[in-house]
Amino acid sequence: MKFVSTRGSEPYSFCDAVTRGLAPDGGLFVPETLPQLDLKKIVNGDFIAVAVETLRPFMEEDFTEKEIRLMTEKAFYFPIPLRKIDSQTSVLELFHGPTAAFKDIAAQFLGEMLSKINTDPDKTILVATSGDTGGAIAAAFDGRPGFRVVILFPKNGVSQLQKQQLTCWGHNIKSLAVEGSFDDCQRMVKSILSHSEYQSEFHLTSANSINIGRLLPQTCYYAASSLWWWAERKQKASYVIPTGNMGNAVAAFWARKMGFPIENIMMATNANKVIPEYFQSGHFEARASVATLANAMDVGNPSNFERLRYLHPERAELLSFSGAESVSDDEIRWTVREAHRKYGTIVCPHTATAFAIREKLPGNWIVVATAHPAKFSESIEPLIAEKIPVPPSLQELYHRPSKYDIILPEEKQVISVLGGS
Ligand SMILES: *Cc1c(COP(=O)(O)O)cnc(C)c1O
């Protein structure tokens with residue numbers, strides 16, 4: 001399998017696409033085709049078996065099946081359960097990794113994979129984060145030989161606990177609090193990565209959801225959960241997905257195109273509604289992001305939209321099985337209370353956007369849960385009047401010392417950090 005740019009470059013191997021991050025023409029790497037799998041072979045497999053079969057066609061030119069299996073086992077070492085909460089609703093819990101957000105799943109896989117293919121002893125991973133990516137990447141690369149991670153996060157755009165997760169790591173992780181928004185962080189990272197002279201001078205690679213190595217592993221949980229759903233109900237699965245930069249959602253669209261039993265895909269956004277607007281009007285117009293309770297989804301210019309449009313250029317076709325709706329902060333608050341009252345489940349503000357949409361839809365749905373509510377106890381606990389138990393892996397992180405530098409949203413400040421340490 002080769003990978004091409006959404007803007008039409010030459011084909012690249014999987015490893016090249018992962019190492020480059022962004023295609024040389026500024027587009028995003030996508031698989032040349034989406035393979036059709038023989039589902040009968042894996043319908044009764046466990047998560048690892050399904051993941052290996054899902055990833056193999058994309059990776060088999062660069063890795064042996066044994067290597068793919070080993071990376072998969074090492075990366076997906078924590079549970080990814082599909083929990084039924086009533087006869088029509090299940091929750092796909094993606095938050096049992098080391099930093100308690102779904103980004104751990106792909107970050108762990110990327111860590112295993114880059115360790116395997118990297119021959120550069122000074123590789124630098126440059127990452128912009130709206131809250132959770134940076135922590136997940138830091139956890140995946142903390143102390144990994146040959147790697148340095150430089151994280152840019154919006155200084156006033158992350159929760160106290162997210163900030164702790166971005167800044168509590170060892171010497172190979174450098175955190176920069178940017179006096180600006182996530183869009184500023186993402187713009188600087190994209191711009192720096194698109195200069196080939198910086199790439200080679202600072203041995204750069206990216207780990208944002210623009211990296212194909214982040215996106216592909218996420219297809220695994222849609223593959224596996226849709227097969228579980230099928231095995232139990234003899235019915236295709238439909239998902240509501242909390243959506244920001246659209247990495248999570250695009251993985252679902254890819255899994256569907258690969259033939260996994262997936263019917264509908266609904267994207268839930270917060271007040272940043274560029275994607276719902278596209279579904280309504282057919283026009284995509286990037287905007288400045290606005291701050292919301294679901295801060296990891298505060299994205300005004302979702303990068304992976306380009307991948308969705310590449311996969312489904314016809315909006316009418318897209319509308320036939322998918323949609324996107326925006327959820328306000330008030331609805332998020334209401335839904336957090338309602339999910340607790342009605343289902344006895346505590347949800348984070350991101351997951352609440354998906355729950356809010358689910359509540360408006362008839363039929364059977366899988367709600368994708370993207371973060372553990374304990375990460376957002378400041379906003380959630382007052383709503384449900386209950387203490388949220390903190391998982392042990394998080395508790396341990398909270399007690400570490402925190403360190404970071406503050407910078408202005410100027411590219412030259414990032415360059416100086418890249419060159420300086
Ligand atoms: C990143 C994130 C999202 C948004 O995912 P995208 O892939 O950027 O659409 C949603 N919820 C949480 C908790 C996140 O960390």
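This report describes the sheets, the enclosed spaces and two buried residues of a predicted model.

## Basis of the description

Residues are numbered from 1 along each chain as its sequence is written. Because the model is predicted, local features need pLDDT of at least 70 and side-chain atom pairs count only at pLDDT 80 or more, while totals for chains, interfaces and linings use all residues, and side-chain values use heavy atoms, with hydrogens and water left out.

## The six-stranded sheet

Strands of a sheet pair through backbone hydrogen bonds, either parallel or antiparallel. Here, an open sheet of six strands follows the order S3-S4-S12-S9-S10-S11 with mixed pairing, where strands (E, at least two residues) and helices (H or I, at least four residues) are DSSP runs numbered from the N terminus, and two strands pair if DSSP finds at least two bridges between them. The edge strands, each of which pairs on one side only, are S3 (82-86) and S11 (322-326). Neighbouring strands of this sheet are turned by 25° against each other on average, direction ignored; the axes are lines fitted to C-alpha atoms, for helices over the stretch in contact, and angles run from 0 to 180 degrees between N-to-C directions.

S3 and S4 (residues 89-93) are antiparallel and pair over four bridges, and Arg 83 has Val 91 in S4 as its bridge partner. Helix H10 (residues 212-233) packs on the sheet, with contacts to S3, S4, S9 (237-242), S10 (262-269) and S12 (365-369), and its direction makes about 140° with that of S9; contact means heavy atoms within 4.5 Å. Helix H11 (residues 247-257) also packs on the sheet, where it touches S9, S10, S11 and S12, and its direction makes about 170° with that of S10.

## The five-stranded sheet

An open sheet of five strands has parallel pairing and the order S8-S5-S6-S7-S13. Its edge strands are S8 (204-206) and S13 (405-407), each pairing on one side only, and the twist averages 30° from one strand to the next.

Strand S5 (residues 123-128) runs parallel to S6 and is joined to S6 by six bridges, with Lys 123 standing opposite Phe 147 in S6. Helix H8 (residues 182-193) packs on this sheet, touching S5, S6, S7 (173-178) and S8, and its direction makes about 145° with that of S5.

## The lining of the largest cavity

The largest cavity is lined by 25 residues, and those nearest its centre are Phe 102, Lys 103, Gly 244, Asn 245 and Ala 296; a cavity is a set of points on a 1 Å grid over the protein atoms alone where a 1.4 Å probe fits but cannot get out, and lining residues have an atom within 4 Å of a point. Helix H11 gives the most to this lining, with three residues.

## Two buried loop residues

Pro 98 lies in the loop between S4 and helix H5 (103-117), and Pro 98 counts as buried because its relative accessibility is 16%, buried meaning under 20% relative accessible area with a 1.4 Å probe and protein chains only. Leaving aside residues up to four places away in sequence, Pro 98 touches several residues, among them Tyr 77, Phe 78 and Leu 397. Pro 98 and Leu 397 are 299 residues apart in sequence, yet 9.2 Å apart in space, C-alpha to C-alpha.

Arg 144 lies in the loop between helix H6 (133-141) and strand S6 (147-154), and Arg 144 also counts as buried, because its relative accessibility is 17%. Not counting residues up to four places away in sequence, Arg 144 touches Gly 111, Glu 112, Ser 115 and Asn 172.

Definitions and conventions. On a 1 Å grid over the protein atoms alone, a cavity is a set of points where a 1.4 Å probe fits but cannot get out, and a pocket is an open set with protein on both sides within 12 Å along at least five of seven lines; lining residues have an atom within 4 Å of a point. Buried means under 20% relative accessible area, exposed over 50%, partly exposed in between (1.4 Å probe, protein chains only).
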